[in-house]
Amino acid sequence: MKWHHLHTGKTLQQRLAELQGHLAELNTPRSGLEPGRIKRVYARHFIKVNRQLFIPLSLLSIRVFDTHQTRRGVRVGIRTVFPSKNAFRNIRLVGVGLDYLELQGTGKFPSRILFPLSQIESIHRPTIKKKKQTR
């Protein structure tokens, strides 16, 4: 896999600061999905979404909406430490930060999914099944 060109050199806090004001969906370990706008990103450990402070490195994932689609990146499969039912078995990796991975979300609305590295178990090339040739 060639993804050395995807290294951002940024921390998760720095990347979230660039996405301040965007609609986000925080996937928390205990309470499920917490939607809201990223109101403020503090320099060290916290982000403010709605009227709550969250520690991004403790979250399962952060999905940020209203982002642009990109063609750069590498198709990968991601296995997470939490159950994800193969949701990330074939997805585009678009950024590798110091403590996070950034994936381009699929679906009707463009989004980015940020994973703290502590939530990633493995990264692999997705297997592409070849179609059977008919005679």
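**Overall fold and aromatic cluster**

Read from its N terminus, the chain follows the pattern α-β-β-β-β-β-β-β-β-β-β, which comes to 1 helix and 10 strands. Helices (H or I, at least four residues) and strands (E, at least two) are DSSP runs, numbered from the N terminus. The model is predicted, with pLDDT of at least 70 needed for local features and 80 or more for side-chain atom pairs, whereas totals for chains, interfaces and linings use all residues. Residues are numbered from 1 along each chain as its sequence is written, and side-chain values use heavy atoms, with hydrogens and water left out.

The C-alpha atoms fill a box of roughly 65 × 30 × 25 Å along the principal axes. The radius of gyration of the chain is 16 Å, which agrees with the value near 14 Å for a compact globule of 135 residues; the radius is taken over C-alpha atoms, and the globule rule is 2.2 Å times the number of residues to the power 0.38. Of the 135 residues, 41% count as buried (under 20% relative accessible area, with exposed over 50% and partly exposed in between; 1.4 Å probe, protein chains only). The accessible surface comes to about 8900 Å², of which carbon and sulfur atoms hold 51%; areas come from the Shrake-Rupley method with a 1.4 Å probe. Among contacts (heavy atoms within 4.5 Å) between residues at least 6 apart in sequence, 56% join residues at least 24 apart.

Strand 5 (residues 61-65) pairs with strand 1 (residues 23-28) in the antiparallel sense through 4 bridges; pairing requires that DSSP find at least two bridges between the strands. In this pairing, Ala24 stands opposite Val64. Strand 5 also runs antiparallel to strand 9 (residues 111-116), again over 4 bridges, and here Phe65 stands opposite Ser111.

Strand 9 also contributes to the aromatic contacts. The whole structure holds 2 aromatic pairs, defined by ring centres within 6.5 Å for Phe, Tyr and Trp (its six-membered ring), with planes under 30 degrees apart counted as stacked, over 60 as edge-to-face and the rest as tilted. The pair of Phe82 and Phe115 is stacked, because the ring centres lie 6.4 Å apart and the planes meet at 25°. Phe82 lies in the loop between strand 6 (74-80) and strand 7 (91-96), 33 residues from Phe115 in strand 9. Phe88 and Phe115 form an edge-to-face pair, at 5.0 Å centre to centre and 85° between the planes. Phe88 belongs to the loop between strand 6 and strand 7, 27 residues from Phe115. Phe82 and Phe115 are buried, as is Phe88. Phe82, Phe88 and Phe115 form one aromatic cluster.
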